[in-house]
Amino acid sequence: MIALPEINPPLINASGILSYPEVFRALEASGAALGGYVTKSVGPAEGAGNENPVVVCPEDEGQPLLNSLALPTQSPEDWEADLAQTRLESSRLIVSIYGGGPDEFGEIAARMSPFADLIEVNLSCPNRVPGEVALMESIGQRPDLSGEVIGRVRDSTTKPVIAKLSPNSDYLAVAAACMDAGADGLGCGNTLGPGLAIDTVTGKAILAGTTGGISGPALKPVNLRMTYECYALFGCPIIGYGGIGSWEDAVEYTLAGACILGIGTAFLGKTTSEAARLTRRIWEGVQAYLGGAPFPEMVGRAHRDPAPEAARA
Ligand SMILES: Cc1cc2nc3c(=O)[nH]c(=O)nc-3n(C[C@H](O)[C@H](O)[C@H](O)COP(=O)(O)O)c2cc1C
């Protein structure tokens, strides 16, 4: 296994949220406590995704979000041009990739590899353009195909490879196939569902894609469990994603086994400086909880030791 680069602080954005290079630079300039930045998933061609509306936003914090973007992204050529000019001061660059099958995943991995400190393989987007097959979902639900994808990506890059799993799958079987095929860690995980929201005025589905992946606080217990189970089974590096919006959420994922924490939905609707402030608040809270102990000691501790006295007081 290739060791993951140090991501310090161990907080990153989640792919699809604040995930373009100019935003990374703005966040760095605002003093965000993010040790790494993840791109929007890069695929084999420019994609428009679904028509609007593509997001159902909660009116109150704490409610789930639904999105049915279906992977809109710029072309790989545009990504290459953008990433070639991306200079991050002290943070790592994580390139998220997707493809229509093992060959395309391998090609995109090879193209993005020179720019990436880490490649995250999106095996898990549940959204579809109506009438089309949900591609990532059909790959990420099949251990054999997921393993083949990771094997091809492994052969196409010398950078560490993370397999980002779907909660809507037999994820332990998928993870086992990915680890066997050479993954260096797991992303736990993508959005749940998909789910549905109906407009009571029109009586119709709100999202143009009809259904959308569920993220935010409603997703947290599901992906926290995925993190816990994957850590117990594989003991590998894990990026925890799903409803992280406070230091308590970050601590829970770390105790379950995540060594990197991804923040997505909690950033939505925030300005760059508000998003940066949120990351600082989360990291300060985690550090206070640690009380001077090194962060790695907390990773997976729910499987080993009781909480320190200070945390129980
Ligand atoms: C608007 C939106 C767009 C997303 N786009 C991507 C994507 O391009 N690739 C990917 O792997 N995950 C994507 N995701 C999933 C997130 O990266 C993350 O795994 C998920 O939202 C759970 O984290 P959260 O609850 O903090 O948002 C997207 C999520 C949202 C809400």
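Me: How many helices and strands does the chain have, and how compact is it?

Reply: Helices (H or I, at least four residues) and strands (E, at least two) are DSSP runs, numbered from the N terminus. Here the chain has 10 helices and 12 strands. Its radius of gyration, taken over C-alpha atoms, is 18 Å. The globule rule (2.2 Å times the number of residues to the power 0.38) gives 20 Å for 313 residues, close to that value, so the chain is as compact as a globular protein of that length. Please keep in mind that this is a predicted model: local features need pLDDT of at least 70, side-chain atom pairs count only at pLDDT 80 or more, and totals for chains, interfaces and linings use all residues. Residues are numbered from 1 along each chain as its sequence is written.

Me: Which way do the residues of strand β8 point, and are they buried or exposed?

Reply: In a regular strand the side chains alternate between the two faces of the sheet. In β8 (residues 185-188), Gly-185 and Gly-187 point one way, while Leu-186 and Cys-188 point the other way. All are buried, where buried means 20 or more other C-beta atoms within 10 Å of a residue's own, exposed means 12 or fewer, and partly exposed lies in between, with C-beta atoms placed from the backbone.

Me: In what sense does β8 pair with β7 and β11, parallel or antiparallel?

Reply: Strands of a sheet pair through backbone hydrogen bonds, either parallel or antiparallel. Two strands pair if DSSP finds at least two bridges between them. β7 (residues 161-165) and β8 are parallel over 4 bridges, with Leu-186 of β8 as the bridge partner of Ala-163. β8 and β11 (residues 238-241) are also parallel, over 3 bridges, and there Gly-187 has Ile-239 of β11 as its bridge partner.

Me: What kind of unit do β7, helix α6 and β8 make?

Reply: A crossover is right-handed if, with the strands pointing away from the viewer, the path from the first strand over the helix to the second runs clockwise. β7, α6 (residues 171-180) and β8 form a right-handed β-α-β unit. The buried residues of α6 include Tyr-171, Val-174 and Met-179, and just after the helix Gly-182 takes a positive phi of about 110 degrees.

Me: What is the strand order in the open sheet of 4 strands, and which strands stand at its edges?

Reply: The order is β3-β4-β10-β9, with antiparallel pairing. β3 (55-56) and β9 (192-196) stand at the edges with a single partner strand each, so one side of each is left without a neighbour in the sheet. For β9, pairing with β10 (residues 211-215) covers 3 bridges, and Leu-192 has Ile-214 of β10 as its bridge partner.
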